[in-house]
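Student: I would like to learn how to read the features of a protein model, one at a time. Could you take me through some of them slowly?

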Amino acid sequence: AFPAALILVFAWLVLRGRGALPFVFADEWLYSLSSRLQPLAESTLPSYLFLALYKGTSQCGAGFLDCARGLNALWFTASGLFLYLIARRLCTRGVAAVFTLLCLLGPVNSYVLYFMPEAMYFFGFSVLSWLALSGRAWQPWRLALACGTVLGALSQVKVHALFLLPALMLYLAYVGATGAPAGRGRRALLLPLLAAGVAIVVKAALGYALAGAAGLQLLGSFYGSHAANTGSGHLARLLGPAWINLKGHAMALAMLFPVPLAALAWSGGSRAVRASAPPELRDLQVYMVLMLGAALGMTVLYTATLGDGGPVEFMRLHLRYYNFTFPLLLLAGIATIVHGSGAEGRAARAAATALVLVLMALAWKFLLPAYQVSLIDNPELHALAESAARYRNLSALQLIALLVWAWRPAYGVRMLLALVLPLGVIAAAASLQERLKQHRDPGPYDRAGMAVHAFLPQGEAAGLTVGGEGGDIFRALFHIDSAGADFIDLEPNAPLPASEIPPRRRWLLVVGNHSLPASAQVALRGDGYALLRIPQMRGQLRRVEMRAPLAGGVLVAADGLAAAESWGSWSAGRTVRLAFSQPLPRAARLIVHGNAFGPNIGKDFFLDVAGQRVPFRLSWRPQDRVFDLDTDGTARTLEIEVPEPAAPAALGQGTDQRTLGIALNWIEVGSR
């Protein structure tokens, strides 16, 4: 019956998401772009194994997202085989099957819906865990080689796997130290080193084979640049946000897994319970604690580094960075109860219950009001929190199960398996089904992207820019499905200034409530969107690279700039002043390419030329701003006034004391 159940789970996962619109932006767009539309070497994400395998979804044409979901369902269901084999070491055949199916039907299966590597990563971690927990029957060196190989491959699915390497090394040291007496010390030292060396070699070999030299980067450009920016500050400044975030995770885990957590605390506090645990259970407990600890620690520190997004980022609970360990947490708790129920340890059980009760009480008071809950970040919490009645009822059941366990451990675990977990599965399925209904009706950005994809001839979308607001821009880009398509941010409900129309693009798709310039050439209009044809530029322009502003002879002076960097120059202070070697043309055109820093994002900068003071705004992302100016033929200077210069150090973003406002990549000047 179990294989038949797995087949039914797979079929249900495939059919459930068929035809639904994409969910997660910008993530799904970025993974689709990097796998299907770009060479792997150009990917900013170092998930080269995932990208290479999912490149094949392009063979499904317009149905590529459904094909990706089918692959996700295959990985996710296949992980059930390894979860079953792990559980079978500690449970009867029936309990192992029920445990596995409850895991597969839980909230974590929502990741099957996304064009993202979570489902494949879940499978890879299940394989790694099965190897690590069953490998005592092997030669120790084979165990280290196998685990290192799988972890190295897993790091090419998600680079986060690298943060599991220290936990794996500690576990292998434990295996080496608790094996046969002969050579324990040597094994405890060499097994971790062998696994680490193999993991690094496999990661590098796979990366180079799939993406060339770009594949040899440790973290890739996306995560590497974030790590570099974080490293410029002090670790001490992360401790406060990390502590806030860690408290949220502790409360969340107490609400989701009170009985397993209490059981593990009971085992830790009672020598009799530990003595009753068979070797297979002790291995699982050590492995689970190390893996959960490593992944949770990485999650908390990573969240603490997201200060640029504001204080709300500290309140996000990214359970998705470690919820692949939840099946092991659940199994370790259940097995601890089953094998320890006949042992003494009432005092330790009472203390463990009290500890978890305190965390649950704190969670009831602080968790949902203070922390961010979302289907993407923490599907387990989202399934509870979307309905007040559901949250109240399931929380009460968890509390009752904990108290029953404190009274009679065997009854507590039966209640957990027969009532609490199945009802949680039903609640998660109902919650996700409601969300799926919402994702079957296209919104404005979906309609706009689909219409433009159908309207533009093949290849024309490479010259398209999407203008809109927030993450929904990526919905349109996902449907447009072109590597060359770009985007710009527009102010909500504000008119589209002519200066913000990209000068060298062929098309501009404007989505939302934005009045258009009188000169706009509308090629296609629909409900909530308009596709503009951008006229080709005329006249001659000379570019000034702001990484070397005085090179080339266009400028003779540049004041108000910080020291030049490889990409350009930051403003330093309130005003940037540029002096040209020749007078500006009477019908002048200026193009400024840059972005704003921190508090200047979305605020008015002012460009001043020959007494003409023109406001403009910039976002966090470099964009063009075009200015058509009439002069008397003698003007030689340009000034840019910064609204709110600010030092990154004053904002808690590193140690940079410069007062920054605008990042200038280049300017272009000429006639129109």
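Tutor: We will go through sheets, helix pairs, a surface patch, salt bridges and two backbone details, bearing in mind that this is a predicted model.

Student: Let me begin with the sheets: in what order do the strands of the sheet that includes S1 lie, and what kind of pairing does this sheet have?

Tutor: The general idea is that strands of a sheet pair through backbone hydrogen bonds, either parallel or antiparallel. In this structure there is an open sheet of five strands in the order S2-S1-S3-S5-S4, and its pairing is mixed. At its edges lie strand S2 (486–489) and strand S4 (521–526), each of which pairs on one side only. Neighbouring strands of this sheet are turned against each other by 20 degrees on average, direction ignored.

Student: How many bridges join strand S3 to strand S5?

Tutor: Strand S3, residues 507–511, and strand S5, residues 529–533, run antiparallel and are joined by five bridges. To find your place in this pair, look for Leu-508, which stands opposite Leu-532 in S5.

Student: What is the strand order in the sheet with antiparallel pairing, and which strands are its edges?

Tutor: That open sheet also has five strands, with the order S7-S9-S14-S11-S12 and antiparallel pairing. The edge strands are S7 (555–559) and S12 (612–616), and each pairs on one side only, while neighbouring strands are turned by 15 degrees against each other on average, direction ignored. Within this sheet, strand S9 (residues 575–580) runs antiparallel to strand S14 (residues 637–641), with five bridges between them, and Arg-577 stands opposite Glu-639 in S14.

Student: Now the helices: at what angle do H4 and H6 cross, and at what angle do H6 and H14 cross?

Tutor: For each pair, look at how near the axes come and at the angle between their directions. The axes of helix H4 (residues 64–88) and H6 come within 8 Å and cross at roughly 20 degrees; angles under 35 degrees count as roughly parallel, and H4 and H6 are therefore roughly parallel to each other. H4 passes H6 in a left-handed crossing. The axes of helix H6 (residues 118–134) and helix H14 (residues 279–304) come within 10 Å and cross at roughly 140 degrees, which makes H6 oblique to H14. Here H6 passes H14 in a right-handed crossing.

Student: Which residues form the nonpolar patch on the surface?

Tutor: The patch consists of Trp-141, Leu-189, Leu-190 and Leu-193, which together have about 370 Å² of accessible area. Helix H9 (residues 184–211) gives the most to this patch, with three residues, and Leu-193 is placed in that helix.

Student: How many salt bridges are there in the whole structure, and what does Arg-320 pair with?

Tutor: The general idea is that side chains of opposite charge can pair when their charged atoms come close. A search of the whole structure finds 27 salt bridges. In one of them, Arg-320 pairs with Asp-27, and the closest N and O atoms are 3.7 Å apart. Because Arg-320 lies in the loop between H14 and helix H15 (326–340) and Asp-27 lies in helix H2 (residues 27–37), the pair ties together parts that are 293 residues apart in sequence.

Student: Finally, where along the backbone is there a cis peptide bond, and which residue has a positive phi although it is not a glycine?

Tutor: As a general guide, most residues other than glycine have a negative phi, and most peptide bonds are trans. In this model the peptide bond from Phe-25 to Ala-26 is cis, with omega near 15 degrees, and Ala-26 is placed in the loop between helix H1 (2–17) and H2. Asn-493 has a positive phi of about 60 degrees, and its place is in the loop between S2 and S3.

Notes: Residues are numbered from 1 along each chain as its sequence is written. This is a predicted model: local features need pLDDT of at least 70, side-chain atom pairs count only at pLDDT 80 or more; totals for chains, interfaces and linings use all residues. Side-chain values use heavy atoms; hydrogens and water are left out. Two strands pair if DSSP finds at least two bridges between them. Helices (H or I, at least four residues) and strands (E, at least two) are DSSP runs, numbered from the N terminus. Axes are lines fitted to C-alpha atoms, for helices over the stretch in contact, and angles run from 0 to 180 degrees between N-to-C directions. Patches are made of residues with over 30% relative accessible area and no salt bridge: like charges are joined within 9 Å, nonpolar side chains (Val, Leu, Ile, Met, Phe, Trp, Tyr) within 5 Å. Accessible areas come from the Shrake-Rupley method with a 1.4 Å probe; for residues, only the protein chains shown count as cover. A salt bridge is a side-chain nitrogen of Lys or Arg within 4 Å of a carboxyl oxygen of Asp or Glu. Angles under 35 degrees count as roughly parallel, over 145 as roughly antiparallel, 65 to 115 as roughly perpendicular and the rest as oblique. A crossing is left-handed if the near helix is turned anticlockwise from the far one by less than a right angle, and right-handed if clockwise.
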